[in-house]
Amino acid sequence: MEQIERISACTDDKAYGEEKINRLLGSFISGRDAPGYADSSDSAIYTNAALLVLAKQHEYVVDGTNVQRFSRIAKNFMNAVLQGNIGFVDSGVCFKNTTGYSQRTSSFLPDSVQVLKSLNDDYAILDQWQGDKESLENILAASDGLEIKSHICALFYDSALSKLDQSHLDALTNVIIDDLDAEIDFIQDSADVSDYCENSIDDYDDSSYLDDSAWDIANEIADAVQQDIYNQTSVLPQELQSRLSTVDAYNYENAVADELARYEDAEAMDVFLSTNNYANSIANSQIDKLFKNL
């Protein structure tokens, strides 16, 4: 992986770089230079799986002698995912350790969601999941962010439809909704009201009607946060999308009122300072005239 990344980043001659990368990938496919630590480290399992996907993208032909080896790489990756040892994050992938999760990214390797999708297309690795909610809980706990979790849930929910009866599907659905709702609550609570007020305050000419203005702006903030959530969960099937929590404008009303009050105080202070500066300017001008007449 390090060799490929160095060649990709440092070689100006694209044809030469492509030749060297292809040679390294060819060596990987043949098994001659496969990492010796592949079965002892989750990061190595991911590296092998991502390199396999990369090799397929480079249109290498997988001959019969390599099928067993490649199937083993794909299976090992899925096992690590189901155990929660490999997690999905916006910037790539994370790995479980004794203290939690460590994040490791690569500019050259495909991201973890793409690896999962590609290996499932080629090796049907989602078939290793039997529809148990415990494995999905492991995966969601190891993953980070509403958008990433939505992609993962959409994949597993689609697979669950063909494996589970209605009662087990309902139990799995509850796991998905609870986890995604927790992410939505975090996004809702993290919305920076002051930023929204700064952009919206000039739309309200009369800020003396504090309650009305606060409620109008709070609704605008709620709509904007809700739209962000829709964008991140758009991959979910409608039956999941319709059950997600929605953003409540009441969460922002008090904070908006406080921001409006600060805005009014600042506006009043600006008027005071402007008037005071004008008065001082007049006084200084009159004093200057007195001294000139002496």
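Two residues are in contact when they have heavy atoms within 4.5 Å of each other. Keep that in mind as we walk through this predicted model. Among the contacts in the protein with a separation of 6 or more, 74% are between residues 24 or more positions apart. In other words, many of these contacts join parts of the chain that are 24 or more positions apart in sequence.

Let's begin with the overall picture. The protein has 294 residues, and 39% of them are buried. Its secondary structure consists of 12 helices and 3 strands. The accessible surface comes to about 16600 Å², and carbon and sulfur atoms account for 46% of that surface.

Now let's look at how some of the helices pack, starting with α5, which covers residues 112-123. What angle do the axes of α5 and α7 make where they cross? Helix α7 spans residues 146-161, and the two axes come within 11 Å and cross at roughly 15 degrees. Angles under 35 degrees count as roughly parallel, so α5 is roughly parallel to α7. The crossing of α5 past α7 is left-handed. On the α5 side, the contact is made by Val 113, Leu 116 and Lys 117. On the α7 side, Ile 148, His 151, Ile 152, Leu 155 and Phe 156 take part.

Helix α5 has another partner to visit, helix α3, made of residues 42-57. Here the axes come within 10 Å and cross at roughly 65 degrees. Angles of 65 to 115 degrees count as roughly perpendicular, so that is how α3 lies relative to α5. This crossing, too, is left-handed. Helix α3 contributes Tyr 46, Ala 49, Ala 50, Leu 52, Val 53, Lys 56 and Gln 57 to the contact. Helix α5 meets them with Ser 112, Gln 114, Val 115, Ser 118, Leu 119, Asp 122 and Tyr 123.

If you follow the chain out of α5, you come to Ala 124, in the loop between α5 and α6. What is special about the phi of Ala 124? The angle is near 50 degrees, a positive value in a residue other than glycine. For comparison, most residues other than glycine have a negative phi. Ala 124 has a relative accessibility of 34%, so this residue counts as partly exposed.

Beyond that loop comes α6, residues 133-142. Helix α6 packs with α8, residues 166-190, at an angle of about 15 degrees, and their axes are 10 Å apart. The two helices are therefore roughly parallel to each other. This time the crossing is right-handed. The residues of α6 that make the contact are Lys 133, Leu 136, Glu 137 and Leu 140, and those of α8 are Leu 172, Val 175, Ile 176 and Asp 179.

Helix α8 also includes the position of Thr 173, a useful landmark for the next stop. Glu 239 sits in helix α11, residues 238-241. Although Glu 239 and Thr 173 are 66 residues apart along the chain, their C-alpha atoms are separated by 9.4 Å. Is Glu 239 buried or partly exposed? Its relative accessible area is 40%, so Glu 239 is partly exposed.

Next, let's turn to the strands. Asn 85 lies in the loop between α4 (64-82) and β1 (86-89). With a relative accessibility of 15%, Asn 85 counts as buried. Leaving aside its neighbours within four places in sequence, Asn 85 is in contact with Asp 42, Ala 80, Cys 94, Phe 95 and Lys 96.

Ser 102 belongs to strand β3, residues 100-104. Not counting residues up to four places away in sequence, Ser 102 touches Cys 94, Phe 95 and Asn 97. Cys 94 and Phe 95 are thus among the contacts of both Asn 85 and Ser 102. The C-alpha atoms of Ser 102 and Ile 86 are 9.9 Å apart, with their positions 16 residues apart along the chain. Ser 102 has a relative accessibility of 32% and counts as partly exposed.

We can finish with the cysteines. Cys 94 is buried, with a relative accessible area of 5%. Cys 153 is buried too, at 0% relative accessibility. A disulfide is a covalent bond between the sulfur atoms of two cysteines. How many disulfides does the model contain? With a cut-off of 2.5 Å between cysteine sulfur atoms, the count comes to 0.

Note on methods: Residues numbered from 1 in each chain as written. Predicted model: local features only at pLDDT ≥ 70, side-chain atom pairs only at ≥ 80, totals over all residues. Heavy atoms only, no water. Helix = DSSP H or I, 4+ residues; strand = E, 2+ residues; numbered from the N terminus. Buried < 20%, exposed > 50% of the residue type's maximum accessible area, 1.4 Å probe, protein only. Areas by Shrake-Rupley, 256 points an atom, 1.4 Å probe, with all protein chains shown as cover. Axes fitted to C-alpha atoms, helices over the stretch in contact; angles between N-to-C directions. Parallel < 35°, antiparallel > 145°, perpendicular 65-115°, else oblique. Left-handed = near helix turned anticlockwise from the far one by under 90°.
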